[in-house]
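Welcome! Please take a moment to look over the sequence and the 3D view before reading on.

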Amino acid sequence: MHRLVARLTLAALAPSIVAASLLAQGAPPPLVTPQELLQGLPADGSRWLTFGGGYDNHRHSPLTQITPDNVSRLAAQWVFQTDTPARFETTPLLRDNVLYVTGPLNLAWALDARTGREIWRYRRELPPTGSLTACCGLVNKGFGVLGDRLFMTTLDAHVIALDMKTGGVVWDTTMEDYSKGYASTIAPLVVKDKVIVGVAGGEYGIRGFIDAYDAATGKRAWRFYTIPGPGEPGNDTWAGDSWQRGGASVWVTGAYDPDMNLLYYGIGNPGPDYHSDSRKGDNLYSDSIVALDADTGKLRWHYQFTPHDLHDWDATEVPILADLAIGGRPRKVVMFANRNGFYYTLDRVTGELLVAKPFVITTWAKEIGRDGRPVLLPGNVPDEQGSLTCPDVTGATNFWPPTYDPQQRLFFVNAREVCATFYAWRQEYVPGERFTGGAAQRARGPDQRAYGALRAIDPVTGERKWEFEYITPSTSGLLSTASGVIFSGDAEGNFLAIDARSGAFLWRFQMGSALHGTSAITYMVDGRQHVLVPAGTTLTAWALPDVPRVAPTR
Amino acid sequence: MPFIGAALVVFVLSVSQVVAQDVLVTITANPLEGDAEAIKAGMGAYRVRCADCHGMDARGIRSPDITQVWARGRTDGALFRTIRNGVTGTEMPSFPAPRTSDLDIWRILAYLKTLAAAATTEPVRGSATAGQGVFAAQCLACHRVGTAGGHLGPDLSRIGIARARAALSRQIRGGMTDVRTGYEPVTLTTPGGEQIQGLKKNEDLFSVQIMDTTERIQGYLREDMRAVTNGRQSAMPAFSPERLSDADLDDLLAYLTSLQGAAK
């Protein structure tokens, strides 16, 4: 780790020496250090450096300038527009009053956080969009950062490093051949000297993996296949050769525990999604959470939420780490609200299941048994005629980030109450083609009410503390703050502030587009707390108008 | 099978190149016609994405019978474009790439071909000219054809290509089983107790946008209203035989099915 910092520092100094001899302006701007990444969200609000704010993925800011009492006075500071037809699904990063933002079609920008003005723009030369296989939009979920470099995954399944000052490409490494159904949209997680990424393609018959790349060189350090190969434990949970194209993609950023040096990642659905005769067995590690050694990628433990999934319930939700007392014992836990309808608290040292409770109406499993396996209910196997199951294919929740408030010990999540008719039929695998073996359609009819709710869950019991109901299901992520404000969004395009203690409505603004899969972030600029909202093709910065600005000294 | 698979890959590449140049019109024959796997996959896709409107047997529920499209002279290429682009002025949506691939569409057509039937000629009943008179008397206040008519109900300028005759007949006689989005009846009650009746154009947690019975379009904040009450029944009246004779209905249906006007 120390050697890496030294190496990066030298690399950054080389051009500065030239500049110094010409301009004599003093020391170059400090590099992003592993220590800063470990600190997460600092009390002074000067940084947002990882997907979840910190390695624990709390997305819970220590900032308190904006409160439940004054949030209704928020005023727009600026709006940035991408001028693209596709939307943001990104978490922007902030450092030294500059925002680093990835957009659709692998566009990326550095923006002045004071004004929203562009400093540089990166645009990747992509293969024809018709040949890209991202199932669900040509999107990207954000940068990782270390030293003077930003790291991004691409729709043609590369991972690249950009120079923070210019957006120039430093290195470009191919993860896999995109024409075989691989793509990548995940925000990299930088841990020590490695860039951790994963691949999408669960609907295209890929064999999923998590990769680590050397931040300095772009050389691959390790690969963990999310489907074990022949001779490895778990390969026998896939019938025949189905493991070769079983999906198990990785497209949502995990968490990291530095004390145990373990990464926690949720794994995607098995393929084909709905017709499963060809993949008899539990299909490890699809729909699981895996704990991996960050240095080697070796598996420490796993827990499978949905063995032999038939409903495309990727476990690609955001894992959140916390320390809790459960049953009178202090526990290091990982919390997980799953697409399959259950909320889980697991011991993150051992993988032991501590709490499992439905947080929406679920009709496929009665409960999670003492052995950690769901107790299945009949009538939920998709076929050519269709079978009705709750939750629907999009799930009880999905990739939009939840948050955790350690003061209140509450887990906040945008939940969906929707059922669907699931169909299945046999399908032959064609490389690069969609490989789902079926489809799903939202259930209709007068007795089918589809709606959503922001729910506060006690992670010790799985009980709901309060909820704020939406008229339709929301796909917005969340941001919470130490002052007790939750920022959310609904499907109708309202950006919302909700009281974290009661679930009461505080404030709204119609953004003109939903926060689809995105969360607001918050940080300080010139003494004023800002809230930044990616919605549709816009980024909008908000702050309190009556807080005096402190002009920078340099 | 592997051989066919390889052939398909080559085909995918060539089609995507063709699409890029926007000369897809040159593909006139379904390359997957008769392919058992494609038919199977097409059946699933059809049931999920098409059957709600066109029926599991493709004979049409509210949307037209599409078993006779080939018999009536439509080509594979033209049908492909209809699915890809949708039909403007009707509920038929577009299915754009990349979400729907070219092969997805060919598969649906391969399945649909297995349901294809000979063209039937229903005996012509009713007079479209007389039906226009019935329409003017009974429907024009709410529905629009071309530049004439009201705005409360859906525009019917292209209803002849959007609806099967039987579906039109059912709906006129009172079989409106669902309410089209944008036409749900809603009643707003003001703090003073006044009621505003209208059709809901949009809504969110905080507001509702309506066209009231005077055709005024207006948005209201929920907090300004004592109540916002959704109606359950379509605003379209049921025309029983006492109100509209069978002969008048035949004339009206002859007129409506003739409405295949240009999209606006």
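What follows is a short tour of confidence, the contact between two chains, and one helix.

This is a predicted model, so a good place to begin is with how sure the predictor is. For the complex, it gives an ipTM of 0.71 and a pTM of 0.84. Chain B has an average pLDDT of 84, and 88% of its residues score at least 70. Confidence in this chain varies by helix, as the table shows.

| Helix of chain B | Residues | Mean pLDDT | Place in chain B |
|---|---|---|---|
| H1 | 2-20 | 37 | lowest |
| H6 | 128-138 | 96 | highest |

Please read the start of chain B with care: over residues 1-25, pLDDT stays under 50. For that stretch, the model has 20 contacts beyond four places in sequence.

Now to where the chains meet. Chain A brings 22 residues to the contact and chain B brings 21 residues. On the chain A side, the largest share is three residues from strand E30 (residues 438-442) of chain A. Sorted by class, that side of chain A holds nine nonpolar, seven polar and six charged residues.

Finally, let's visit helix H4 (residues 76-85) of chain B. Which residues of this helix are buried? They are B:Asp76, B:Leu79, B:Phe80 and B:Ile83. Seen down the axis of H4(B), these buried residues fall within an arc of 105°, so they line one face of the helix. This fits a general pattern: an α-helix has 3.6 residues a turn, so residues three or four places apart point the same way. The partner for the buried residues of H4(B) is helix H5 (102-114) of chain B, against which they pack. After H4(B) comes B:Gly86, with a positive phi near 75°.

Technical notes: Residues are numbered from 1 along each chain as its sequence is written. Chains are lettered from A and ligands numbered from 1 in the order in which they are written. This is a predicted model: local features need pLDDT of at least 70, side-chain atom pairs count only at pLDDT 80 or more; totals for chains, interfaces and linings use all residues. A residue is buried if 20 or more other C-beta atoms lie within 10 Å of its own, exposed if 12 or fewer, and partly exposed in between; C-beta atoms are placed from the backbone. Helices (H or I, at least four residues) and strands (E, at least two) are DSSP runs, numbered from the N terminus. The arc is that of the directions from the helix axis to the C-beta atoms. Two residues are in contact if their C-beta atoms, placed from the backbone, lie within 7 Å. pLDDT is the predictor's confidence in each residue, from 0 to 100. Ala, Val, Leu, Ile, Met, Phe, Trp, Tyr, Cys and Pro count as nonpolar, Asp, Glu, Lys and Arg as charged, and the others, Gly among them, as polar.
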